[in-house]
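Reader: I'm new to this one and don't want the whole tour at once. Please pick a single part, take me through it slowly, and then show me what sits around it.

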Amino acid sequence: MAVLTARTIARWRLAGVLPGDVVSTLLPPGVAWAVALRAALTLEVVLLPLDPREPPAAWLQRWRSSPPVLVVGVAGLLPPAGPWRVDMLPLDRPQPGSVVSPAPLTWNPRRVVARLFTSGSTGQPAAIDLTLAQCRASAAASARRLQEQATDCWLACLPVHHVGGFSIWLRALWSGAAVRVHERF
């Protein structure tokens with residue numbers, strides 16, 4: 001998985017992705033998502049995960065308010081044409097026992113690591129920025145409360161465009177815990 005992540009980081013750099021740029025993903029939970037998350041954290045971009053099951057019109061609406069420089073998808077899920085570049089990640093399976101290792105991060109607590117959209121239950125969905133400090137504090141509080149260890153395994157059954165699903169991956173990434181993916185809740 002480290003090789004796939006390194007190749008992804010290199011492709012994104014060649015595509016001109018810079019720190020602070022928005023990179024949107026249309027990925028289900030799994031290896032491709034873990035690779036994109038690690039690449040985004042390493043390159044210090046703002047990750048904008050969207051629901052791959054939503055119609056393209058919903059993606060376009062969110063991209064109007066938060067334009068990406070790159071849209072990441074998987075085979076069979078092509079984003080509509082736009083001013084962004086497209087990167088397709090393979091749906092590779094990790095080797096048994098493989099774990100995503102923590103990404104080296106520059107400690108800038110105000111750095112936005114992700115932009116998630118609310119459900120819009122009382123109106124239009126709104127973009128919410130999550131900073132590195134917020135994500136680290138949430139992961140640290142969870143680790144303390146649950147006495148989390150690197151030998152633990154998180155069940156990922158929530159979509160990654162939701163804060164609950166997104167948080168599972170960050171907690172596992174920073175603690176070294178494994179993630180077991182379940183197709184849906």
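**A close look at helix H3**

Author: Let's take helix H3, residues 56–65, whose buried residues are Ala58, Trp59, Arg62 and Trp63. Looking down the axis of H3, you'd find those buried residues within an arc of 135°, so they line one face of the helix. (The arc is taken from the directions that run from the helix axis to the C-beta atoms.) An α-helix has 3.6 residues a turn, so residues three or four places apart point the same way.

Some ground rules before we go on. This is a predicted model, where local features need pLDDT of at least 70 and side-chain atom pairs count only at pLDDT 80 or more, while totals for chains, interfaces and linings use all residues. Residues are numbered from 1 along each chain as its sequence is written, and side-chain values use heavy atoms, with hydrogens and water left out. "Buried" means under 20% relative accessible area, "exposed" means over 50%, and "partly exposed" is in between, using a 1.4 Å probe and protein chains only. Helices (H or I, at least four residues) and strands (E, at least two) are DSSP runs, numbered from the N terminus.

Back to H3. On the face turned away from its buried side you'll find the exposed residues Ala57, Arg64 and Ser65. Pro56 is in H3 too, and at 40% relative accessibility Pro56 counts as partly exposed. Pro56 and Pro80 are 24 residues apart in sequence, yet their C-alpha atoms are 6.9 Å apart in space.

What covers the buried side? The cover of H3's buried residues includes E1, strand E2 (46–49), strand E3 (70–74) and E5. Let's start with E1, since Ser24 lies in that strand. Ser24 is buried, with a relative accessible area of 0%. The side chain of Ser24 makes a polar contact (N or O atoms within 3.5 Å, one able to donate a hydrogen and the other to accept it; residues adjacent in sequence count only if both atoms are side-chain atoms) with the side chain of Trp63, at 2.9 Å. And Trp63, remember, is one of the buried residues of H3. Leaving out residues up to four places away in sequence, Ser24 touches Leu48, Leu50, Trp63, Pro68, Leu70, Val71 and Val72, where touching means heavy atoms within 4.5 Å.

Step back along the chain and you reach Asp21, in the loop between H1 and strand E1 (22–25). Asp21 is buried yet has no salt bridge, and the nearest side chain of opposite charge, Arg85, is 7.7 Å away. (A salt bridge is a side-chain nitrogen of Lys or Arg within 4 Å of a carboxyl oxygen of Asp or Glu; for charge, Lys and Arg count as positive and Asp and Glu as negative, with His and the chain ends not counted.) A polar atom of the Asp21 side chain does lie 2.8 Å from the backbone nitrogen of Leu18. Beyond its neighbours within four places in sequence, Asp21 is in contact with Gly16, Val45, Val46 and Val69.

Now for E5, another part of the cover over H3's buried residues. Arg115 forms a salt bridge with Asp129, their closest N and O atoms being 2.5 Å apart. Arg115 lies in strand E5 (residues 112–117) and Asp129 in strand E6 (residues 127–131), so this pair ties together parts 14 residues apart in sequence. Arg115 is buried at 16% relative accessible area, whereas Asp129 is partly exposed at 33%.

Shortly before H3 in the sequence there's another pair: Arg53 forms a salt bridge with Asp51, with the closest N and O atoms 3.3 Å apart. Arg53 is exposed at 66%, but Asp51 is buried at 10%. The structure holds 5 salt bridges.

For contrast, try helix H2 (residues 31–43). In H2, 12 of the 13 residues are buried, so this helix is largely enclosed by the rest of the structure.

Finally, zoom out. The chain has 5 helices and 8 strands, and 45% of its 185 residues are buried. Among contacts with a separation of 6 or more, 65% come from residues 24 or more positions apart.

Definitions and conventions:
Expected span 1.5 Å × (residues − 1).
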